[in-house]
Amino acid sequence: MLAIAAMFAACKEEKIDDQMTSGQNKKWWKEAIVYQIYPRSFKDSNGDGIGDLRGIIDQIDYLKGLGITAIWLNPIYSSPNADNGYDVSDYRNIHQDFGDLQTFDSLLVKLHEAGIKLIMDIVVNHSSDEHEWFKQSRSSRDNPYRDYYHWWPAEKGKPAHRYSLFDASGEAWKYDTLTNAYYLHYFADKQPDLNWENPKLRQEVYDIMKFWAEKGVDGFRLDAFQFAAKDTTFPELPGDLDTNFIKYYAMQEGIHTYLKEMYDQVLSKYDVLSVAEGAGRNFEDAHLLVDEERNELNMAYAFDAVDIAKPHGYDLVHLKSVFSKWDKEFESKGWISIFLSNHDQARLVSRYGNDSEEYRALSTKMLNTFLLSMRGTPYTYYGDELGMTNIRFNTIEEYNDISAINGYKKVMNNGGDLQKYLEVLKFGSRDNGRTPMQWTSNQNADFTTGTPWLKINPNHSYINVAEQDKDSTSILNHFRAMTQLRKSTEALVYGKYECLLPEHPKAFVYTRSMPEQSTLVMLNFSKEQVNLSFPALKRADKVLINNTNGLSYKRDSITLTPYQAIIFSLK
Ligand code: NOJ
């Protein structure tokens with residue numbers, strides 16, 4: 001048993017006036033509970049097998065019932081879909097699979113009527129090669145759009161190697177015969193990188209953002225933006241580039257000039273949330289992005305925590321230390337995002353919990369309790385409110401994701417072990433997190449009346465909204481209870497976070513405290529029972545939420561059952 005009585009007692013007695021929200025003024029985007037919708041997979045309204053905007057409109061009551069306050073939509077613009085919308089061919093139009101601008105306008109009105117805000121995904125590190133800018137740029141060396149992208153004339157020889165995340169060859173320069181030059185693509189060759197050094201390109205981007213802000217959207221998520229600035233002399237980079245690309249690609253000179261310009265021209269003019277994907281190389285980079293007086297962005301999200309889960313498991317002490325470090329760093333300055341899953345990750349419960357029949361429900365509830373009780377804006381990925389799990393495809397043909405498919409080709413080209421790679425994908429492939437939403441146990445989970453664009457997890461027969469809606473003890477209803485609790489408990493948003501047992505290998509225990517309100521969160525991240533030495537909680541201390549119907553504590557100890565999650569209110 002671990003002794004935490006002393007720490008706990010100290011926490012209850014400590015004067016917390018000076019340790020609460022000082023430096024953290026209140027903002028709607030700090031209080032927001034964001035729900036991420038992968039539009040292709042949420043709800044199909046016209047039977048083409050692809051989720052769409054009308055489908056989202058039809059589910060607004062469901063969204064409202066979740067208690068979330070904002071949705072973030074993955075890209076919905078016109079796109080050839082080389083990377084499911086992260087290759088935009090027209091930033092001012094809606095992809096025909098999803099609907100049209102009129103439907104978008106109606107979605108926005110209806111969301112606002114329901115008290116839900118809308119965050120758009122802005123993909124401007126790169127565009128599609130089918131964007132008019134690139135078509136022009138490619139057509140001749142003296143085309144006015146040539147400098148919208150990065151070109152390297154072949155007569156200068158081969159450019160210095162740049163790593164591509166998605167290209168099967170691993171090379172980010174692609175030779176184009178038309179003008180005898182190479183163009184740069186950090187992602188797939190159909191995603192050429194935009195040249196942010198060009199003020200005309202920057203103005204185009206700000207105008208696009210204004211177009212959406214004028215429509216009334218409530219925020220922007222900036223995709224891969226930490227890579228936007230580049231040293232356009234393209235010097236040779238050290239040999240560890242491919243394995244350490246963030247070190248060389250992220251937050252290069254110029255990035256803050258661009259962000260300040262974006263702030264002056266767009267972000268400062270509207271009451272919008274702004275979040276960068278990627279928080280740079282270190283805390284200093286992250287502060288430079290999000291500290292309020294710098295007038296750049298509201299928050300960023302870092303990958304430190306989502307990178308921890310591995311097929312053989314993960315070390316909870318490490319996970320705690322990551323969350324604690326980020327909290328400490330941004331305690332009084334700047335703001336962070338809290339998440340463990342999104343469209344670039346496999347499913348929450350399959351990576352951080354236990355998706356066996358025995359523990360799936362408990363461990364998902366425990367993880368949702370965690371995500372919704374930390375300081376920072378929480379992001380919930382669609383389906384995680386139900387405990388949707390990895391589908392674990394057996395063959396490469398079942399995958400849709402360019403990163404899985406090109407990764408497979410890469411392994412094949414290098415004579416690697418393809419079977420082993422398929423096993424890796426079963427744990428980590430992004431498609432695990434993109435299978436259609438499981439609404440019912442009916443055919444195709446009532447996601448579509450047609451043929452779904454990606455296979456639906458057969459476990460929709462028992463993991464689905466309809467079943468969980470009826471069951472007051474379901475994961476879904478626990479999620480709803482957690483959003484209500486967060487909204488009614490200011491300490492869960494702004495309160496000081498303190499991790500009480502940083503070295504405990506199975507329990508994550510912390511307090512969230514304000515002068516008037518203190519809470520104690522106790523989470524068992526394991527399938528074993530955990531006994532903690534603990535001072536008796538006063539009778540008046542209330543259990544705010546408990547993912548089981550039992551609670552076992554004596555005068556000086558508390559026992560957490562497998563994956564138990566409890567939040568106490570402390571006097
Ligand atoms: C990050 C996005 O989250 C991911 O889905 C996408 O493939 C890359 N950026 C490229 O846009």
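This report covers the ligand site, the salt bridges and several single residues of a predicted model.

## Ligand shell

Twelve residues are best read here as a list. Around the ligand sit Asp 83, Tyr 86, His 126, Phe 166, Phe 187, Arg 221, Asp 223, Glu 277, His 343, Asp 344, Arg 430 and Arg 434. By class, the shell holds seven charged, two polar and three nonpolar residues.

Three aspartates come into polar range of ligand oxygen atoms. For Asp 344, a polar side-chain atom is 2.4 Å from a ligand oxygen. For Asp 83, the distance from a side-chain N or O atom to a ligand oxygen is 2.5 Å. For Asp 223, the corresponding distance is 2.8 Å. The ligand on its own has 300 Å² of accessible area, and the protein covers 98% of this.

## Salt bridges at the ligand

Some shell residues also pair with each other. Arg 221 and Glu 277, both in the shell, form a side-chain salt bridge with an N to O distance of 3.4 Å. Arg 221 belongs to strand S10 (residues 219-222) and Glu 277 to strand S11, so the bridge ties together parts 56 residues apart in sequence. Both residues are buried.

A network of salt bridges links Asp 83, Asp 344, Asp 401, Arg 430 and Arg 434. Asp 83, Asp 344, Arg 430 and Arg 434 are also among the residues around the ligand. Asp 83 and Asp 344 thus recur: each has a side-chain atom by a ligand oxygen, at 2.5 Å for Asp 83 and 2.4 Å for Asp 344.

## Other salt bridges

The model has 36 salt bridges by count. One of them joins the side chains of Glu 490 and Lys 26, with N to O at 2.5 Å. This pair links distant parts of the chain, 464 residues apart. Glu 490 is in helix H18 (residues 490-494), while Lys 26 is in the loop between helix H1 (5-13) and helix H2 (28-31). Glu 490 counts as partly exposed because its relative accessible area is 31%. Lys 26 counts as exposed because its value is 52%.

Glu 331 and Arg 375 form another bridge, with N to O at 4.0 Å. Here the two residues are 44 apart in the chain, and each sits in a loop. The loop of Glu 331 runs between helix H11 (316-329) and strand S13 (337-338). The loop of Arg 375 runs between helix H13 (360-371) and strand S14 (377-381). Glu 331 and Arg 375 are both buried.

## Buried charged residues

Glu 296 lies in the loop between helix H10 (283-290) and strand S12 (299-301). Its relative accessibility is 2%, so Glu 296 counts as buried. The Glu 296 side chain makes two polar contacts that can be named here. One is with the side chain of Arg 294, at 2.8 Å. Another is with the side chain of Lys 260, at 3.2 Å.

Lys 30 is located in helix H2. Lys 30 counts as buried because its relative accessible area is 0%. Its C-alpha atom is 9.3 Å from that of Met 299, although the two residues are 269 apart along the chain.

## Ser 268

Ser 268 occupies the loop between helix H9 (255-265) and strand S11 (273-277). Its relative accessible area is 37%, so Ser 268 counts as partly exposed. The side chain reaches two backbone oxygens: that of Tyr 263 at 2.8 Å and that of Asp 264 at 3.2 Å.

Ser 268 and Ser 557 are 289 residues apart along the chain. Their C-alpha atoms are separated by 51 Å.

## A nonpolar surface patch

Val 543, Leu 551 and Tyr 553 make a nonpolar patch on the surface. The area of the patch is about 220 Å². Val 543 is part of strand S19 (residues 542-546). With 34% relative accessibility, Val 543 counts as partly exposed. Patch members need over 30% relative accessible area, so the 34% of Val 543 meets that cut-off.

Key:
Residues numbered from 1 in each chain as written. Predicted model: local features only at pLDDT ≥ 70, side-chain atom pairs only at ≥ 80, totals over all residues. Heavy atoms only, no water. Near = heavy atom within 4 Å. Polar contact = N/O pair within 3.5 Å; in protein donor to acceptor, adjacent residues only side chain to side chain. Areas by Shrake-Rupley, 256 points an atom, 1.4 Å probe, with all protein chains shown as cover. Nonpolar A, V, L, I, M, F, W, Y, C, P; charged D, E, K, R; others polar. Patch = residues over 30% accessible without salt bridge, like charges linked within 9 Å, V, L, I, M, F, W, Y side chains within 5 Å. Helix = DSSP H or I, 4+ residues; strand = E, 2+ residues; numbered from the N terminus. Buried < 20%, exposed > 50% of the residue type's maximum accessible area, 1.4 Å probe, protein only.
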